[in-house]
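The following exercises concern the structure shown below. Each one sets a task and then gives a worked solution in steps.

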Amino acid sequence: MTDDLSHILAHLGEDRERGFDAVVPPIVQSGNFTYPTVAAMRAVVQQEFDRPLYTRGFNPTVAMLREKVAALEGAEDALVFSSGSAAIAAAVIAHVKAGDHIVCVQKPYSWTKKLLAELLPRFGVEHTFVDGTDAENYRRAIKPNTTFFILESPNSLTFELQDIAAVCAIAKEHGIVTLCDNSFSSPLFQNPIALGADMVAHSATKYLNGHSDVVAGVLAGSKERMRKVMSKEFMTLGAAPSPHDAWLLMRGLRTLELRMHRSADSAEKVARFLEAHPLVKRVHWPGLPSHPQHALATKQMKRVAGLMTIELDAPDVVAVERFCDNLKRFLIAVSWGGYESLQWPVCALQGPSGYYTDLPFTMVRLYIGLEDADALIADLEQALKNI
Ligand SMILES: *Cc1c(COP(=O)(O)O)cnc(C)c1O
């Protein structure tokens, strides 16, 4: 671990002198703050996003986390939200108005898709989904009213990458603002701002927190842009995190580097095993040399994280379900990024977010957690035997 990185993860923003010299930062679990005089309150009201007045706008524990996240993404500032979806929605809504057009990668996170396909059209904002594996598709989709590009590289079900630098360069030529969902890689393995993105969003629920016990989101970008989002969309939509969740996230960040490399190391072993297995038709994981975008992954990501989707050579949905039910080490659950390895069968996904009906029923998404990789492989092997 470089000194810079360990400093950010465990020290940056943690004012120990003001926190009773505690090694771990304090949780300031207070909704509001008090002042000795009217004049003192008046002074704070002038700076309500930088000093403690009301926890929706500023909280000392949340502020420490904001500083760490900004540093991790190489951004001037960052905001913390009560979910990743809230961070994405606020970032988009802050930058579009009625009559505008958004270009977004196809198959983004389900609720990002819903934001574009169902919520924003009610307010006169239109969109086009494009195959982002060719950056030029973003250019081809530009209309006179296009003001915003959304990237999610790779997306978290089929792992299609966008060439972030190329897409952001096209956006800059046209004065278009860019947002990249970086949840899959975490700031450790990919930094979209360094590649030209204006803003980066994360579902902090996933790797950043890393313990399956918090739902939260972050958004990073320039000071000016974050201030704009803060003073309008953040405060009016009001999806503020609890100080306790911000504290849990800082606990999670202390092991981010250890967890990311462990998950990526094991994913590599598991992916190679699965790729070689006769009953696995395809492994969607950009870390494999056989992946169609492996070269781009190597170019713009430091490493490939521990989430992948497999397509089974299964005759029917009953066989897929048998495989899934037989897995002992992979919990059947949504989400990812914690300790526990998980499985997410596409055949179980016809819920209200309802966007997965076009994917093959043979697909199962696997999250490779922090358990012993050989035990995970042995588990997959026995379940594949019984398809
Ligand atoms: C989970 C996820 C989100 C949404 O984040 P929440 O914290 O669940 O609101 C957005 N994008 C990606 C890629 C995700 O995996």
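**Exercise 1.** Identify which residues of helix α14 are buried in this predicted model, and find what they pack against.

*Solution.*
Step 1. The buried residues of α14 are A373, A375, L376, I377, D379, L380, A383 and L384.
Step 2. An α-helix has 3.6 residues a turn, so residues three or four places apart point the same way. The list of buried positions in α14 may be read with this rule in mind, for it includes A373, L376, L380 and A383.
Step 3. The elements that these buried residues pack against are two helices and three strands: α11 (256–276) and α13 (317–326), together with β8 (280–284), β9 (307–312) and β12 (363–367).

**Exercise 2.** Check whether the span of helix α14 agrees with a rise of 1.5 Å a residue.

*Solution.*
Step 1. Helix α14 covers residues 373–385, which is 13 residues.
Step 2. The expected span is 1.5 Å times one less than the number of residues, and for α14 this gives 18 Å.
Step 3. The end C-alpha atoms of α14 are 19 Å apart, which agrees with the expected value.

**Exercise 3.** Describe the five-stranded sheet and determine which strands stand at its edges.

*Solution.*
Step 1. The strand order is β8-β9-β12-β11-β10; the sheet is open and its pairing is mixed.
Step 2. β8 and β10 (331–332) each have a single partner strand, so they stand at the edges and one side of each lacks a neighbour in the sheet.
Step 3. The partner of β10 is β11 (residues 342–345); the two strands run parallel and are joined by two bridges. Within this pair, L331 is opposite L342 of β11.

**Exercise 4.** Carry out the same analysis for the seven-stranded sheet, and add the helices that pack on it.

*Solution.*
Step 1. This open sheet, also of mixed pairing, has the order β1-β7-β6-β5-β4-β2-β3.
Step 2. β1 (77–81) and β3 (126–130) are its edge strands, each pairing on one side only. On average, neighbouring strands of the sheet are turned by 20° against each other, direction ignored.
Step 3. Helix α5 (residues 110–119) lies across β2 (101–105), β3 and β4 (146–152), and runs at about 135° to β3. Helix α9 (residues 223–237) touches β1, β5 (177–181), β6 and β7, and its direction makes about 30° with that of β1.
Step 4. β6 (residues 199–203) and β7 (residues 217–221) are antiparallel partners with four bridges; one bridge pairs H202 with V218 in β7.

**Exercise 5.** Decide whether V200 is buried or exposed, and describe its surroundings.

*Solution.*
Step 1. V200 belongs to strand β6.
Step 2. A residue is buried when its relative accessible area is under 20%. V200 has 0% relative accessibility, so V200 counts as buried.
Step 3. Leaving aside residues up to four places away in sequence, V200 touches E73, L179, C180, N182, P192, I193, V218, L219 and A220.
Step 4. A70 is 130 residues away from V200 along the chain, yet their C-alpha atoms are separated by 9.9 Å.

**Exercise 6.** Characterise the protein as a whole.

*Solution.*
Step 1. The protein contains 14 helices and twelve strands.
Step 2. Its radius of gyration is 21 Å, close to the 21 Å that the globule rule gives for 387 residues, so the protein is as compact as a globular protein of that length.
Step 3. Buried residues account for 55% of the 387 residues.
Step 4. Of the contacts between residues at least 6 apart in sequence, 72% join residues at least 24 apart.

How values were computed
Residues numbered from 1 in each chain as written. Predicted model: local features only at pLDDT ≥ 70, side-chain atom pairs only at ≥ 80, totals over all residues. Heavy atoms only, no water. Buried < 20%, exposed > 50% of the residue type's maximum accessible area, 1.4 Å probe, protein only. Contact = heavy atoms within 4.5 Å. Pairing = 2+ DSSP bridges. Rg over C-alpha atoms; globule rule 2.2 N^0.38 Å. Axes fitted to C-alpha atoms, helices over the stretch in contact; angles between N-to-C directions.
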